[in-house]
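Here is a friendly walk through one protein model, written for someone who likes to know the cut-offs behind each term. Please have a look at the sequence and the coordinates first.

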Amino acid sequence: MIFAISNQKGGVGKTTTVLNIGVYLAKKGKSILLVDIDPQANLTSGIGIKRDRNDKEFLSIYDVLINKTEPISVIKKTRIENLDIIPSAIELAGAEIELVNLMSREAILKKNLDKIKHDYDFILIDCPPSLGLLTINAHVAADKILIPVQAEYYALEGLGQLINTIKLVKSNLNQELEIGGVVLTMFDNRTNLSKDIAVELNQHFSDRLFDTLIPRNIKLSEAPSHGKSIQEYEPTSTGAQAYDRLTDEILARFTKDKKQDVPSS
Ligand code: ATP
Ligand code: MG
């Protein structure tokens with residue numbers, strides 16, 4: 001199953017969510033591929049992949065999208081068992097424009113991930129903060145969209161636009177696409193604002209809203225500068241516990257169908 005973690009608003013916790021649920025899913029025995037399609041490459045550096053400045057051979061998602069490089073030759077292993085990544089690189093900043101002239105430009109990522117998706121239980125795509133062609137490629141490739149929403153004043157602004165974009169992709173390019181879940185991030189239970197936003201999201205998304213609230217936790221923001229997930233950096237922190245629980249919710253929500261398929265005899 002392929003998830004796109006998407007919200008065109010910047011800094012809402014997309015990358016933090018992809019990195020940490022990716023690591024917890026892998027630790028729980030699932031085989032996981034992370035795909036970084038943000039030119040900022042925060043996910044790539046956050047998992048500890050460094051690109052030597054002189055390394056001209058470094059292959060990234062840019063090569064898959066623009067240079068027809070096979071995805072299998074771009075996949076890198078991480079330190080963590082069961083966890084692979086297709087890294088991003090700064091060249092990807094030009095890809096929005098370069099993609100415009102290509103055939104089936106919205107489906108290039110899908111075509112490539114379809115070649116390798118059977119090797120993984122879950123593929124998690126970290127989207128950039130825009131609704132441009134890179135994000136559209138992620139939505140076309142995905143089965144489910146996960147939307148992180150930051151508990152702050154303008155949190156809900158822009159969600160309508162995101163949902164409209166998802167509807168357009170669903171009706172024109174990917175009929176199976178669904179909103180898999182909404183997760184409230186950087187929650188602060190001392191503020192009424194955080195609580196108000198939780199109530200409002202619950203009204204809008206009801207059962208799609210995950211019960212787990214991701215708290216604002218300094219450890220979550222420190223971990224990436226050490227190239228680590230929260231599970232490796234500070235496994236007992238409130239942030240770690242929350243992402244652990246969110247991972248269990250994701251597993252319960254998206255793997256229970258399989259169990260029901262098992263014949264009872
Ligand atoms: P962008 O849109 O730029 O890609 P993003 O949506 O991927 O951003 P992140 O990079 O995950 O967002 O988070 C933005 C910043 O907030 C980062 O510095 C991150 O470390 C920090 N952060 C994310 N989640 C939390 C949290 N729950 N508590 C404290 N800090 C957090
Ligand atoms: Mg990000």
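Let us begin with a definition: a residue counts as buried under 20% relative accessible area, as exposed over 50%, and as partly exposed in between, using a 1.4 Å probe and protein chains only. Helices (H or I, at least four residues) and strands (E, at least two) are DSSP runs, numbered from the N terminus.

With those terms in hand, take strand β6, residues 144-150. K144, L146, P148 and Q150 point one way from β6, I145, I147 and V149 point the other way, and all are buried. In a regular strand the side chains alternate between the two faces of the sheet.

Before going further, a note on the ground rules. This is a predicted model, in which local features need pLDDT of at least 70 and side-chain atom pairs count only at pLDDT 80 or more, while totals for chains, interfaces and linings use all residues. Residues are numbered from 1 along each chain as its sequence is written, chains are lettered from A and ligands numbered from 1 in the order in which they are written, and side-chain values use heavy atoms, leaving out hydrogens and water.

**The whole chain**

The protein chain has eleven helices and seven strands. Its radius of gyration is 18 Å, close to the 18 Å that the globule rule gives for 265 residues, so the chain is as compact as a globular protein of that length. Here the radius is taken over C-alpha atoms, and the rule is 2.2 Å times the number of residues to the power 0.38. Along the principal axes, the C-alpha trace spans about 50 × 50 × 40 Å. Of the 265 residues, 51% are buried. Among contacts (heavy atoms within 4.5 Å) with a separation of 6 or more, 79% are between residues 24 or more positions apart.

**Strands and their partners**

Like β6, strand β5 (residues 122-126) is covered on both faces: F122, L124 and D126 on one side and I123 and I125 on the other are all buried. Which strands pair with these two? Strands pair if DSSP finds at least two bridges between them, and the table lists the pairings.

| Strand pair | Bridges | Sense |
|---|---|---|
| β1 and β6 | three | parallel |
| β6 and β7 | seven | parallel |
| β1 and β5 | four | parallel |
| β2 and β5 | five | parallel |

Some individual positions help to place these strands. F3 stands opposite K144 in β6, and V149 has L184 in β7 as its bridge partner. On the β5 side, I2 stands opposite I123, while I32 stands opposite F122.

β6, helix α7 (residues 159-172) and β7 form a right-handed β-α-β unit. Right-handed means that, with the strands pointing away from the viewer, the path from the first strand over the helix to the second runs clockwise.

**A closer look at T44**

Is T44, in helix α2 (residues 42-46), buried or exposed? T44 is buried, with a relative accessible area of 4%. Its side chain makes a polar contact with the side chain of D36 at 2.7 Å. A polar contact is a pair of N or O atoms within 3.5 Å; within protein, one must be able to donate a hydrogen and the other to accept it, and residues adjacent in sequence count only if both atoms are side-chain atoms. The backbone nitrogen of S88 also lies 2.9 Å from a polar atom of the T44 side chain. Not counting residues up to four places away in sequence, T44 touches D36, I49, I85, P87 and S88.
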